[in-house]
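Visitor: Could you take me on a close look at the salt bridges around one charged cluster in this structure? I'd like to know who pairs with whom.

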Amino acid sequence: RSHVAALDCHPAREFPERAEHFRIRHDVFVVEQRIFADSDRDVHDDEPTTIHVIGLVDGIPAGAVRLYPLGDRLWKGDRLAVLHRYRRAGIGRPLVKCAVALAASLGGIRMDAQIQLPNVNFFKILGWSPDGKPAEQFGVLHQHMSIPLR
């Protein structure tokens, strides 16, 4: 009998959840993918309008994503990270949907993201559309994508 994992995503509320959010991003973007040398944190992490989302698999922190307003009711979603051992648990989809729903609930009309090429089809399935040609960001090819927020 296969176990169906309990999946939960929500904004990281207190310090321990925020610390887990940053640890997951560090494990994926610094340690595993080596996209950043020391830290993937930037000015957006310190903005009060940035929302740091944590994804739990059976209550265990397994994924993260952040979102922040760009102005004119546009939102940016980025730093989607799922720990390697949880990639088959299905937490990526709820993380993306949570970010989209949060931006919509805060009056957003569109969310933009830069997606690593291997993940473009995953985002297409979730309703995102590519825009333009892939471009290098942090030394890795990314595709600009967006989704309308209704």
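Guide: Here is a walk through that cluster, pair by pair. Keep in mind that this is a predicted model.

Let's begin with R66, which sits in strand β3 (residues 60-71). Its side chain meets that of D78 in a salt bridge, at 2.6 Å from N to O. D78 belongs to strand β4, so this contact links parts of the chain that are 12 residues apart. Both R66 and D78 are buried.

R66 also forms a salt bridge with D45, and there the closest N and O atoms are 3.0 Å apart. D45 is in helix α2, and 21 residues separate the two partners in the chain. As for exposure, R66 has a relative accessible area of 0%, while D45 comes in at 4%. Buried means under 20%, so D45 counts as buried along with R66.

Next comes D40, whose partner is R79: the closest N and O atoms of this salt bridge are 3.2 Å apart. D40 lies in the loop between α1 (15-32) and α2 (43-46), whereas R79 is in strand β4 (residues 74-82), so the pair ties together parts that are 39 residues apart in sequence. D40 and R79 are both buried, too.

Now put the pieces together. Salt bridges with shared partners join R25, D40, D42, D45, R66, D78 and R79 into one network. R66 shows how that sharing works, pairing with D45 as well as with D78. For the wider tally, the count comes to 12 salt bridges.

Key:
Residues are numbered from 1 along each chain as its sequence is written. This is a predicted model: local features need pLDDT of at least 70, side-chain atom pairs count only at pLDDT 80 or more; totals for chains, interfaces and linings use all residues. Side-chain values use heavy atoms; hydrogens and water are left out. A salt bridge is a side-chain nitrogen of Lys or Arg within 4 Å of a carboxyl oxygen of Asp or Glu. Helices (H or I, at least four residues) and strands (E, at least two) are DSSP runs, numbered from the N terminus. Buried means under 20% relative accessible area, exposed over 50%, partly exposed in between (1.4 Å probe, protein chains only).
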